[in-house]
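Trainee: Could you give me a close look at one part of this model, namely how its aromatic rings pair up? After that, I'd be glad of a tour of whatever else you can point out.

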There are 2 protein chains.
Amino acid sequence: MAAPQQKLTNPKRLLADLHKLRSFGSVGNGVVRPALTPIDVESRHWLVERMREAGLDAQIDGIGNVFGRDQRAAHTLLLGSHTDTQPEGGWLDGSMGVIYALEVARALRESGRFSERGVDIASWVDEEMRFANFLGSRTFAGLLEPTDAYPIVGRDGVALEHALRQASLIGRPVARLDPKRHIGYLEAHIEQGGILEASNNRLGVVTAIVGIRSLEIEFSGQQNHAGTTPMHLRRDAGTALLKFWAALEERLRPVVSPGSVWTVGRVVLHPGAESIVPGKASLLLQLRDVDSDVLARMELAATTLGSEVAATTRAEVAIRPTLRNAVPAKMNPRFQQALAEAAQLLAPGHWMTMPSGAGHDAQVFSPLMPTGMLFVPSIGGISHSFDEDTREEDIALGCEVFTTAICSLLDSLP
Amino acid sequence: MAAPQQKLTNPKRLLADLHKLRSFGSVGNGVVRPALTPIDVESRHWLVERMREAGLDAQIDGIGNVFGRDQRAAHTLLLGSHTDTQPEGGWLDGSMGVIYALEVARALRESGRFSERGVDIASWVDEEMRFANFLGSRTFAGLLEPTDAYPIVGRDGVALEHALRQASLIGRPVARLDPKRHIGYLEAHIEQGGILEASNNRLGVVTAIVGIRSLEIEFSGQQNHAGTTPMHLRRDAGTALLKFWAALEERLRPVVSPGSVWTVGRVVLHPGAESIVPGKASLLLQLRDVDSDVLARMELAATTLGSEVAATTRAEVAIRPTLRNAVPAKMNPRFQQALAEAAQLLAPGHWMTMPSGAGHDAQVFSPLMPTGMLFVPSIGGISHSFDEDTREEDIALGCEVFTTAICSLLDSLP
């Protein structure tokens, strides 16, 4: 058993900052702070001040990212997550990772151990897709130009350009990834699922972020009067959809991995009236796995089944991919190892490796540089909800593990 | 083979009136003339004039029914249908039966055969449920008081009282069923299905109008993130709904009659998002049969299955009847016989008996007096659509058969 260590981080300060951030847009136990709304912009100004107090050169950039740069260091690990929320979000989703990054910066400075190497930290704007998925991290990574993004209209009908202008951010320079400076990316996040809790683990070292493929599968038959059309004369699009849906699991089972998930999240029968035999019927099928090959096999199984159902019923089928750009993202083995060693040191036997079923800004960076992620448990596995929460001991432990791993990487990276 | 007969009806006059009525609210091949809209009221005034020309004492009453009374007769058969349309309706649905009734009245008067006995004819307002199902026929039958119906708000947000006031009909007396005077009810209608066409028949003698039962079946599970919730931890309400829907046919088959129909017209997964495991899932199931016992067995099979699915999954189920007042309506055997004899005389071998899968005003009257219905074919089985149509020869033949049957009944009824 390892001897008790001097702590690197300050849990009281960490929790105080998390609760202060929660106060911007708090509603009950939750938070309403979608990206670039007035309350979100206000919280970004607060965050800039906290970063400056931590000795960083910090500002909000021209897309809304809050970026804090360690001016003393020539090479840095990039740390970040997001502080924007779902329309009805929890207080930790994203925010915890940003305040961890802030605490790491403070802890490193206080430790006096690093000078040439350090951390740059960020709150990436709009991870929760008010305007576009990974707007901030993609801009930082150079995958998106602000001016190209200006016309994007958010789900509430507001254009990004208008929101940036209202926030007095339009025209500001944007911070960018610097391959010579940034030697890796790390992000901490709540799990948002129930795997850690169910297995009595307190930390999850992420192995990969799942890729997502979504298909809209629409069957067309003949719309008819539900009273005057006998069963044998019907070409009911809903019946074809049912045949597809009912056979889906047995077609996917042979090709999936143990961690694969698939979800039928929406079904629409048209015109959707009690007395009308549906002429069209569509469902939205989402497939997730950490392995591109598995994803491809799942998609093939689903599309093959769709065609077979169309051939054996009197319906036609149209299959449209609705999301193809979320490819699986493998985490760097060296980064996984550093996180695992820190977890084993501070919570021996109470950590595990696991994939991330949800998407994170880390997947934007993983093709560009070594990337790692650390999870802490979500109580009841609940997220994207006002009820989202994590035990304070787990929040504090996660930050200490995260910081320990970062010190190890800063020490050992070439 | 019977010798060619002198025709009772005048097909040219019949078709001219049908085309004139079509001109009120015509859009392309279809008609937009919902009950008590200005164009519908205009058409009712036109109809009153045509009835008066036919020698009837006619007016629009205080609920919007157009009623034409044969003042010479002490006992009458009541003939009718409706001239209001669906929001996007066909030109013959209802209208054909009303103009048939007008032509019968003219034909009887011209034949000079009846004096003590005759026909009263009507266009029942709002069969298509802008405000309430069978508003006009139920009022005439004494099942509904106009003042009780005034507060009903139509599907377009207009109150019935307002619509009647706009039409200057409010406060007028209403015509009522007179059990001493009215010896039976007859209605002709387009089939609205494809059975006659598919069997190469030109006339359908209706045996019964189906009863309808509708159930909303809702499963409740646990709403969750579709990425972070493994398959084995899910309580997916959609999966429970699928299990119900997939097993429904094999549960209904043993209890249905050959003419039973069942329709899943709507499915809703809540919240209906691609990345969320549904927490609620509901479907709308409609059951139709001419036999109350069969309907009851179908409903029992469906509700039993719903409970079984809830018991074998981790979902809860709630089952709500949404429509219970549409009971099956048997047509009178003597009236069926008169219509069948007329059909066999004028179209030997090209008629059939059949149930009506759709609802009609006749079902309001069938518990109150002997009732009969005659169908003519719908091209392609299409109805409730601008494309609804019937061949002119079939329209003319149907009217002659209808009139022949009515003469036979007026001759023979006690």
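Mentor: I'll begin with the rings, then move on to where the chains meet and to some backbone details. Before we start, keep in mind that this is a predicted model, where local features need pLDDT of at least 70 and side-chain atom pairs count only at pLDDT 80 or more, while totals for chains, interfaces and linings use all residues. As for bookkeeping, residues are numbered from 1 along each chain as its sequence is written, chains are lettered from A and ligands numbered from 1 in the order in which they are written, and side-chain values use heavy atoms, with hydrogens and water left out.

Now the rings. Rings of Phe, Tyr and Trp (its six-membered ring) count as a pair if their centres lie within 6.5 Å; planes under 30 degrees apart are called stacked, over 60 edge-to-face, and the rest tilted. Over all chains, that rule gives 18 aromatic pairs. Take F67(A) and F140(A): they make a tilted pair, with 5.2 Å from centre to centre and 40° between the planes. F67(A) belongs to strand β4 (residues 66-69) of chain A and F140(A) to helix α4 (residues 135-140) of chain A, so this pair links distant parts of the chain, 73 residues apart. (Helices here are DSSP runs of H or I with at least four residues, strands are runs of E with at least two, and the numbering goes from the N terminus.) Both partners are tucked away: F67(A) is buried at a relative accessible area of 9%, and F140(A) is buried at 1%. Buried means under 20% relative accessible area, exposed means over 50%, and partly exposed is in between, using a 1.4 Å probe and protein chains only.

Next come W124(A) and F365(A), another tilted pair, 5.2 Å centre to centre with 45° between the planes. W124(A) lies in the loop between β6 (117-123) and α4 of chain A and F365(A) in helix α11 (residues 362-365), so this pair ties together parts that are 241 residues apart in sequence. W124(A) is buried, with a relative accessible area of 0%, and F365(A) counts as buried at 0% too. Put Y185(A) with these four and you have one aromatic cluster: F67(A), W124(A), F140(A), Y185(A) and F365(A).

Rings can also have a charge over them, meaning that NZ of Lys or CZ of Arg is within 6 Å of the ring centre and within 35 degrees of the ring normal. In chain A, R22(A) lies over the face of W91(A), at 4.1 Å from the ring centre. In chain B, the charged end of R22(B) sits over W91(B), 4.1 Å from its ring centre.

On to where the chains meet. With contact taken as heavy atoms within 4.5 Å, 46 residues of chain A and 46 residues of chain B take part. The size of an interface is often given as the accessible area lost when the parts come together. Here the buried area (accessible area to a 1.4 Å probe that is lost on putting two parts together, summed over both) is about 3,600 Å², and carbon and sulfur atoms give 60% of it. Salt bridges, which need a side-chain nitrogen of Lys or Arg within 4 Å of a carboxyl oxygen of Asp or Glu, number zero across this interface. Polar contacts are N or O atom pairs within 3.5 Å; within protein one must be able to donate a hydrogen and the other to accept it, and residues adjacent in sequence count only if both atoms are side-chain atoms. Across the interface, 16 residue pairs are in polar contact, both at pLDDT 80 or more. Among the elements of chain A giving two or more residues to this side are α8 (237-252), β11 (261-270) and β14 (316-326), and β11(A) gives the largest share, eight residues.

For one residue there, try T228(B), in the loop between β10 (224-225) and α8 (237-252) of chain B. T228(B) counts as buried at 6% relative accessibility, and its side chain reaches the backbone oxygen of Q192(A) at 2.5 Å.

Last, the backbone. A cis peptide bond joins H270(A) and P271(A), with omega about 5°, and P271(A) lies in the loop between β11 and β12 of chain A. M129(A), in the loop between β6 and α4 of chain A, has a positive phi near 65° although it is not a glycine.
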